Amino acid sequence: MDRTLVCYRCESEYRDDRRVRCDCGEPLWFDVDSSALEDLAGRGERPTGRDGRGPWRYADALPAADPGGIAAAAGNTPLIRSPRLDRVAGCRVYVADEGENPTGSYKDRGSAVAVALALERGADVVGTVSYGNMAMSTAAHAASLDLECVVLVPETVSPGRLELIAQYDPTILRVEGDYGGLYREALELTRSLPISFLLSDDPARVAGYETALFEIHEALAPETPDAIVVPASSGGLASGIWRGLRDLERAGAFAEPPRLYVVQTAASDPITRAFAAGRDDVSPLPADEVGETIARSIGNPNPPSGTRALTAVRRTGGAAISVTDEEIERAQRRFAELGGFCVEPASATTLAGVERLTERGEIDEDETAVLVPTGTGFKELGTGAETEADRAETVARPDLSSRLESLASRR
Ligand SMILES: *Cc1c(COP(=O)(O)O)cnc(C)c1O
Ligand SMILES: [Zn+2]
């Protein structure tokens, strides 16, 4: 594909494929030739003739080619019908479990494409600004392609986080001072140094995130979901899903396109606030209005693609809503107990969010919602801190048989 970058807002085009933001201030994405997606749009028939593994199945919509390594293991996640979650959600639920990526989050779709593009451009070093899933993902993809990787983390990062990132052996730099300001600084450093920082809404990442929507569409065809529900922080994933909806719509895929809903943590929800206030732009939250949350992967108070995510929900007829830590915790338990899914708190927001949306009548009970739990919960388990373990009873050996018999007769 040709690598023209386009602004969704003012429609400016740029031939310089290293640009990340438009002169108007908004983030750019790669232009996609939607005629290449007509087979996906196939109205009822299964698409044929696509090969390639993981995101590369949609290579004609991506700005880079499969570089090898774990790039082919990204994506290709299952879409699971989950009827036991229907009652909680208040509608028909499908789960697109992004925890099944190589490093346990959808970030791998973006890292696969962004690291591949950096390699095609001759980069020797890639970098990112993250102390969570994006750091792990970028470092893993770089490792599998023998690229150096630099990860900028805040000075106060926890040892547990460092352990997860360090296993892929990147250079980890603890940076003092205002961590939020590093987004801008890293973009500038990419221009002046031989190192490519691949940030949360990098155009190549957003292209990779778009493949999540393509997979959902293929898995459900000829049916179309009514709602797609994703967590949002910087707005990169929401942008990629919206990009996919636009491209498939242009290719003629939908009689009625799905509505996009984004869920934020109430502790830091600039997108929801702008939506609720009817504003067209997301403004940064002042520090004294940002709280603590268990949903550590979300909650960017100054989201670089926030306004684009807001535009996405407006244009598709969706909404932005927020949920509390209490709701998130309950939703996380229900994902496991009623669905068999181990999701991290940031991802549990999708179930908590859809519950509110059906209560408000934004999604009807006979409608189909695809929830996108973005990351696995396994990274945060295993400390033994949970009291749930105390629920396990102890059985004397001679009593085991009768205890099991009484269990079986209860079914
Ligand atoms: C990064 C991340 C998000 C937020 O995605 P954005 O693209 O920043 O909006 C949500 N959930 C998980 C698990 C993540 O790692
Ligand atoms: Zn613009």
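**Cysteines, a buried threonine and the surroundings of ligand 1**

The count of disulfides comes to zero in this predicted model. A disulfide is a covalent bond between the sulfur atoms of two cysteines. The count rests on cysteine sulfur atoms lying within 2.5 Å of each other. Two cysteines illustrate the settings found here. Cys10 is partly exposed, because its relative accessibility is 37%. Cys91 has a relative accessible area of 2% and is therefore buried.

Thr272 belongs to helix 9, which spans residues 270-276. Its relative accessibility is 11%, so Thr272 counts as buried; the cut-off for this class is under 20%. Beyond its neighbours within four places in sequence, Thr272 touches Gln264. Ala320, Ile321 and Ser322 are also in contact with Thr272.

Ligand 1 is surrounded by 16 residues. Those that come nearest are Tyr106, Lys107, Asn133, Ser234 and Thr374. By class, the shell holds six nonpolar, eight polar and two charged residues.

Polar contacts to ligand 1 involve both side chains and backbone. An N or O atom in the Lys107 side chain lies 2.7 Å from an oxygen atom of the ligand. For the side chain of Ser234, the corresponding distance to a ligand oxygen atom is 2.6 Å. Gly235 contributes through its backbone: an N or O atom there is 2.9 Å from an oxygen atom of ligand 1. On its own, ligand 1 has 380 Å² of accessible area, and the protein covers 96% of it.

Definitions and conventions:
Residues are numbered from 1 along each chain as its sequence is written. Chains are lettered from A and ligands numbered from 1 in the order in which they are written. This is a predicted model: local features need pLDDT of at least 70, side-chain atom pairs count only at pLDDT 80 or more; totals for chains, interfaces and linings use all residues. Side-chain values use heavy atoms; hydrogens and water are left out. Buried means under 20% relative accessible area, exposed over 50%, partly exposed in between (1.4 Å probe, protein chains only). Helices (H or I, at least four residues) and strands (E, at least two) are DSSP runs, numbered from the N terminus. Contact means heavy atoms within 4.5 Å. A residue is near a molecule or strand if one of its heavy atoms lies within 4 Å of it. A polar contact is a pair of N or O atoms within 3.5 Å; within protein, one must be able to donate a hydrogen and the other to accept it, and residues adjacent in sequence count only if both atoms are side-chain atoms. Accessible areas come from the Shrake-Rupley method with a 1.4 Å probe; for residues, only the protein chains shown count as cover. Ala, Val, Leu, Ile, Met, Phe, Trp, Tyr, Cys and Pro count as nonpolar, Asp, Glu, Lys and Arg as charged, and the others, Gly among them, as polar.
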